[in-house]
Amino acid sequence: MFKKLVRQRRTAYQFLDKSLDKDLVNQCIDAAIWAPNHGLTEPWRFFVLGNQTKQSLMTIYAQLRADKRAEPGSEEHQTIYQKACQRFLANPAMVLVGQLKSSNPVTYKEDYAACSCAIQNFQLMATEFGLGVQWSTGPIIEANETYSILKINPEEIELIGLLYMGYPSCDSNQIRKPVAEVTQYYP
Ligand SMILES: Cc1cc2nc3c(=O)[nH]c(=O)nc-3n(C[C@H](O)[C@H](O)[C@H](O)COP(=O)(O)O)c2cc1C
């Protein structure tokens, strides 16, 4: 059963226009916080976006996307901006994941690993609910405006991922190299 769940979890890029129960998101977060973490630092923080905040972040997302692809002020920029707004709002739910910043570089690294495990737990729980997740590390998580909208102190917390989620509208096919290709065995 676990093997099936692991194989079923595939990054989802497109979602049905169907909202999801808030409780499902909370259950995914509850699965996330049971991830291993060295020294019980529990370095993860979750920021669940409501509609008002989505609208605010949408403008940042669209601006960054359009600025990267076209000359500001151009017609193309405007088109990309509009499409990006639609694309952003087409994600039924969004959860930002932050990592508590440690002054100790070893702890910092280990805490990122712990947060990654938490995100994987989150995704597996979502998969069990028939939901899909896209773990994104796009520029929006680095933008100062994102921190100010969410009232996050960048000296205390680093945003490490934006999880887009919803009911997937198409299957994603992925392949992996066989075990023998990525494993060395020793006598
Ligand atoms: C740390 C990390 C960052 C990622 N960032 C992005 C991203 O910015 N945009 C994106 O589309 N997918 C992102 N992904 C998802 C990967 O592209 C995805 O896991 C990969 O294509 C394998 O597909 P699968 O998840 O279906 O196995 C990220 C995954 C990880 C682990």
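Is Asn37 buried or exposed? In this predicted model, Asn37 is buried, because its relative accessible area is 14% and the threshold for burial is under 20%. The residue lies in the loop between helix 2 and strand 1. From that position, the side chain of Asn37 reaches the backbone oxygen of Ala35 at a distance of 3.2 Å.

The protein chain as a whole contains 7 helices and 4 strands. Read from the N terminus, these elements follow the order α-α-β-α-α-β-α-β-α-β-α. Along the principal axes, the C-alpha atoms of the protein chain fill a box of roughly 65 × 40 × 35 Å. Of the 187 residues in the protein chain, 40% are buried.

The 4 strands form an open sheet, in which they are arranged in the order 1-2-4-3 with antiparallel pairing. Strand 1 (44-48) and strand 3 occupy the edges of the sheet and have a single partner strand each, so one side of each remains without a neighbour in the sheet. On average, and with direction ignored, neighbouring strands of this sheet are turned by 25 degrees against each other.

Strand 2 (residues 93-100) is paired with strand 4 (residues 157-166) in the antiparallel sense, over 8 bridges. Within this pairing, Leu96 stands opposite Leu162 of strand 4, and Gly98 has Leu159 of strand 4 as its bridge partner. Strand 4 is also joined to strand 3, by 5 bridges, and these two strands likewise run antiparallel. Gln134 stands opposite Tyr164 in strand 4. The burial of strand 4 is extensive: 9 of its 10 residues are buried, so strand 4 is largely enclosed by the rest of the structure. In a regular strand, side chains alternate between the two faces of the sheet.

The edge strand 3 is also the element that contributes most to the surroundings of the ligand. Strand 3 (residues 132-136) supplies 3 residues to the shell around the ligand, the most of any element. The complete set of residues around the ligand consists of Arg9, Arg10, Thr11, Tyr13, Tyr112, Gln134, Trp135, Ser136, Thr137, Gly138, Gln174 and Arg176. By residue class, this shell divides into 3 nonpolar, 6 polar and 3 charged residues.Several polar atoms of the protein approach the ligand. A polar side-chain atom of Thr11 is found 2.5 Å from a ligand oxygen atom. The side chain of Gln134, the residue that stands opposite Tyr164, places an N or O atom 2.7 Å from an oxygen atom of the ligand. At Trp135 the contact involves the backbone, a polar atom of which lies 3.0 Å from a nitrogen atom of the ligand. The ligand on its own has 620 Å² of accessible area, and the protein covers 65% of this area.

Backbone conformation was examined in the loops. Most residues other than glycine have a negative phi. Glu42, which is not a glycine, has a positive phi of about 40 degrees. This residue is placed in the loop between helix 2 (22-32) and strand 1, the loop that also holds Asn37. Glu42 counts as partly exposed, with a relative accessibility of 41%. A positive phi, near 55 degrees, is likewise found at Lys151, again a residue other than glycine. Lys151 belongs to the loop between helix 6 (144-150) and strand 4. With a relative accessible area of 75%, Lys151 is exposed, whereas strand 4, with 9 of its 10 residues buried, is largely enclosed.

In the N-terminal part of the chain, Leu16 is located in the loop between helix 1 (2-8) and helix 2. Leu16 counts as partly exposed, at 41% relative accessibility. Between Leu16 and Ala70, the separation is 54 residues in sequence and 29 Å in space, from C-alpha to C-alpha.

Note on methods: Residues numbered from 1 in each chain as written. Predicted model: local features only at pLDDT ≥ 70, side-chain atom pairs only at ≥ 80, totals over all residues. Heavy atoms only, no water. Near = heavy atom within 4 Å. Polar contact = N/O pair within 3.5 Å; in protein donor to acceptor, adjacent residues only side chain to side chain. Areas by Shrake-Rupley, 256 points an atom, 1.4 Å probe, with all protein chains shown as cover. Nonpolar A, V, L, I, M, F, W, Y, C, P; charged D, E, K, R; others polar. Pairing = 2+ DSSP bridges. Axes fitted to C-alpha atoms, helices over the stretch in contact; angles between N-to-C directions. Buried < 20%, exposed > 50% of the residue type's maximum accessible area, 1.4 Å probe, protein only.
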